[in-house]
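Me: Please go through the helix packing and the domain layout of this model with me.

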Amino acid sequence: MLRLDGINKLFGGLTALEDVSLSVTKRSITGIIGPNGAGKTTLFNIVTGLYTQTSGQVYLGEKNISFFAPESLASLGLVRTFQNVELFGQMTVLENVMVGLHTRSKSGIFSCAFKIPSQIREEKYIKEKGLKWLKFTGLTDCADLNACNLPFGKGRLLEISRALAVEPQIILMDEPAAGLNSRETVELAGLIRRIKELGITVVLVEHDMELVMDICESIIVLNLGKKLACGTPREIQENAAVISAYLGEG
Amino acid sequence: MDNSRQLLQYILSGLSNGAIYALIGFGFAIIYNATGIINFAQGEFVMLGGMLTIFFLVFLHLPLGLAIVLAITIATLVGIAFERLAIRPLKNAKPLSLIIITIGASIFIRGAAMLIWGKDTHALPAFSGNDPLYIAGATILPQHLWIFGISILIIILNRVFFNYTIIGKAMRACAYNSYAASLVGIDVKTMVLLSFVISSAIGSMAGIIIAPLTMTSYDVGIMLGLKGFCAVIIGGMSSGLGTVLGGLLLGLLESLGAGYISASYKDAIAFIVLLLILFFRPEGLFKKKETERV
Amino acid sequence: MTKERRQILIFLFFAAAVLVTPLFLKGSYFLNVLIFIGINTMLAVALNLLLGYAGQISLGHAAFFGLGAYISGILTTRFPIDPWLAMMLAGFCAAGLAFVIGFPILKLKGHYLAMATLGFGIIMYIIFNETVGWTGGPSGLSSIPNLHIGSLVFDNDWNNYYLIWIFTLGVMLLSINLSQSRIGRALRAIHDSEVAARVMGVNVRVLKVQIFAVSALLSAIAGSLYAHTMTFISPVAFGFNFSVEILTMVIIGGLGSIYGSFLGAAILTMLPELLRVFQDFDIIIYGLMLILITMYMPGGLISGIEMLAKFVMSKIRGKQSNA
């Protein structure tokens with residue numbers, strides 16, 4: 001589904017990523033872990049087009065998306081959530097999810113301003129789909145609240161709903177469990193499993209080892225910009241190099 | 001023979017205007033480097049310098065030296081008030097809000113000037129008379145010498161301050177990383193205030209030395225501010241050589257353009273340069289490209 | 001009552017009030033003021049689309065207003081071009097110019113964008129002033145013909161009021177539609193988090209330029225209407241001061257609120273009428289308004305009115321449940 005080939009990223013004199021190659025199986029839940037500064041978010045940013053790699057290629061399915069801008073990736077089925085939840089604070093919860101449907105709709109400025117019939121129909125469709133995704137993540141009651149007024153945990157769920165509205169093939173989540181309490185984390189695990197059941201590939205960067213070991217089928221470990229190991233949770237847990245890299249973490 | 005004399009004249013006026021733009025540009029750079037904001041009101045301090053001096057000189061009949069000192073002092077006080085009232089309370093505001101407030105404050109200052117002094121243009125008498133000197137075929141007014149002299153002095157003082165004094169270095173530290181600076185005991189708030197003090201002082205001085213050559217009125221701030229902004233953009237937001245070169249370059253382009261292409265479009269030339277730089281090299285002509293670590 | 005129903009009702013009520021008002025003001029000078037409020041509302045709404053929705057600041061919008069006015073004026077005085085055609089051409093030209101400079105200028109952010117638009121506005125102002133052969137320079141352009149539909153000529157306050165306000169209501173309605181739509185959401189998304197908008201597939205760069213062009217188009221049409229109703233235009237009306245005035249209207253009324261733009265336009269158009277001494281104080285008052293509203297009521301007067309309405313409603317409901 002997703003394949004990275006020899007990704008290098010240098011920031012001036014600093015090597016953030018060195019020759020990282022990995023691949024993600026379709027319809028799997030893959031975790032990317034590693035100590036702080038390992039380059040996980042940098043990797044995400046490269047895949048999602050926010051950074052450009054110094055060298056290396058990124059493939060989505062058969063397509064080489066190495067230098068694609070972020071806005072073209074949504075229509076190709078790749079979407080992400082952010083570590084610092086990037087909600088559209090001034091819009092309602094429902095409106096946030098409706099933005100996720102931007103690539104599933106096409107009314108332009110003229111159609112929208114003059115409210116031509118096809119735009120009215122499309123708007124109805126967008127709203128229905130939006131509500132459907134809110135239901136999926138359990139946020140239906142919050143639909144008309146302003147996104148900036150949501151408690152943090154619900155804000156995370158909103159970001160995920162919004163990403164799901166894109167109807168992606170693959171969703172990249174950047175530390176989705178950060179800041180969640182244990183109950184919320186368990187609910188998140190359930191949600192991610194349900195997302196996988198929809199046929200969507202999930203890749204997550206995470207620090208919460210319990211969550212990672214619980215739901216991920218395959219784990220990739222990064223350390224100091226290099227790929228350290230990759231395998232099933234059990235294999236990773238027993239990997240000496242990984243253990244020493246974490247120095248007792250997990 | 002006549003052509004080269006004319007060329008020399010254009011170069012001279014271009015350089016003297018350019019020096020002013022460079023000084024105004026310093027004001028932008030100093031505040032930007034200390035706070036990360038562009039002081040939209042910078043041009044107004046330049047205006048205040050000239051207008052206040054005229055006020056003290058012509059209406060209160062104070063001697064020129066005293067008028068100048070008072071003008072700079074008051075302009076600096078306005079700068080401090082501006083920082084206290086408009087900038088400090090808003091450190092955490094949305095960027096758009098901050099822009100609108102700085103625009104509002106600069107308009108306020110301009111409006112106050114219009115209220116106090118009306119819309120007329122005024123002339124500040126030259127510091128040491130109007131008898132021209134003839135050097136290498138060009139006519140130089142004494143005021144030009146004042147402009148060059150004072151500009152060079154300010155540039156040197158600036159360099160000494162920022163590179164060789166503790167306070168100056170502290171300000172530079174704040175510019176690079178205000179959190180780290182505060183951790184080592186630098187009072188960031190004071191540094192910010194100081195940046196406004198220095199900027200308004202330099203800005204008003206610039207306004208004073210150019211006032212005898214160009215008429216001054218309540219609304220010269222916008223044009224001068226924009227041109228100073230252009231100089232500092234060319235120079236890469238530095239308060240050093242880059243901005244000096246930027247200012248001089250702008251002054252020359254403006255002067256030569258006005259002389260050889262069209263005088264009435266003189267101001268448009270500066271703003272076209274501004275747009276071109278912002279469009280194609282917003283990091284300035286002299287800066288090496290930096291990579292940003294996120 | 002659904003939100004949509006209520007919105008349509010509010011608009012119909014507003015439109016009805018607008019269309020009925022002249023009946024009470026026959027022959028009054030106030031009608032003339034209302035015409036200006038109409039034009040200013042169009043300008044404020046146009047800027048609001050760019051600033052309130054997409055979050056891009058422009059300090060040079062008077063330039064598009066002036067461009068529309070001058071193109072209409074020049075095409076109808078120096079050439080025998082039909083005023084309505086001239087208006088369309090003026091709109092296209094302004095939109096075209098906005099498209100061309102939009103791509104480079106909207107790459108800039110914050111203060112840099114503000115400075116660039118300011119520079120652009122001043123360049124246009126200088127062009128209006130200096131191309132005396134075309135624009136008449138500082139003395140202005142006069143004898144601009146009125147608009148007419150068949151034998152109905154728009155040459156008096158009564159006719160002009162309806163002409164201007166039909167356009168203004170149209171612009172307001174189109175903008176309200178836009179704000180509730182996919183495009184409006186995309187614009188507001190850009191305002192709140194450009195990076196997230198991009199990840200959701202919004203083509204931020206192109207959309208910003210598109211809305212900039214729409215904003216320029218509407219401003220130019222307002223300019224054209226202004227030229228044909230005033231029959232005389234001069235550069236003074238199209239400079240930095242007026243750009244600031246339009247900005248102030250948008251801010252006072254409330255960023256992102258179409259009715260707010262009307263409110264802001266109404267207040268700032270009437271202020272000089274109400275305060276005879278306003279002439280001298282105008283700039284200082286604009287500055288103060290910008291600062292105070294942004295600091296203490298960032299949603300503008302519309303948000304203040306909404307809060308008041310909510311407060312009153314809750315008091316009424318409180319009384320009803322106690323009774």
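The turns below take up a helix pair in one chain and a domain pair in another; the model is predicted.

Me: Are H3(C) and H10(C) parallel, perpendicular or oblique to each other?
Reply: Helix H3 (residues 62-77) of chain C and helix H10 (residues 204-230) of chain C have axes that come within 6 Å. The axes cross at roughly 50°. Angles of 65 to 115 degrees would count as roughly perpendicular and those under 35 degrees as roughly parallel, so this pair falls outside both. H3(C) is therefore oblique to H10(C).

Me: Is the crossing of H3(C) and H10(C) left-handed or right-handed?
Reply: The residues that meet include Phe64(C), Gly68(C) and Ser72(C) from H3(C), and Ala220(C), Gly223(C) and Ala227(C) from H10(C). By class, this contact has ten nonpolar, eight polar and no charged residues. The crossing of the two helices, H3(C) and H10(C), is right-handed.

Me: How far apart are the C-alpha centres of domain 1 and domain 2 of chain A?
Reply: The domain assignment gives chain A a domain 1 in two pieces, 1-77 + 168-250, and a domain 2 covering 87-167. The distance between their C-alpha centres is 27 Å.

Me: Which helix gives the most to the side of domain 1 of chain A that touches domain 2 of chain A?
Reply: Domain 1 of chain A puts ten residues into the contact, and domain 2 of chain A also puts in ten residues. On the domain 1 side, helix H2 (70-75) and helix H7 (182-197) of chain A each supply at least two residues. By class, that side has seven nonpolar, two polar and one charged residues. With three residues, the helix that gives the most is H7(A).

Conventions. Residues numbered from 1 in each chain as written. Chains lettered and ligands numbered in written order. Predicted model: local features only at pLDDT ≥ 70, side-chain atom pairs only at ≥ 80, totals over all residues. Axes fitted to C-alpha atoms, helices over the stretch in contact; angles between N-to-C directions. Helix = DSSP H or I, 4+ residues; strand = E, 2+ residues; numbered from the N terminus. Parallel < 35°, antiparallel > 145°, perpendicular 65-115°, else oblique. Left-handed = near helix turned anticlockwise from the far one by under 90°. Contact = placed C-beta atoms within 7 Å. Nonpolar A, V, L, I, M, F, W, Y, C, P; charged D, E, K, R; others polar. Domains from an automatic or database assignment.
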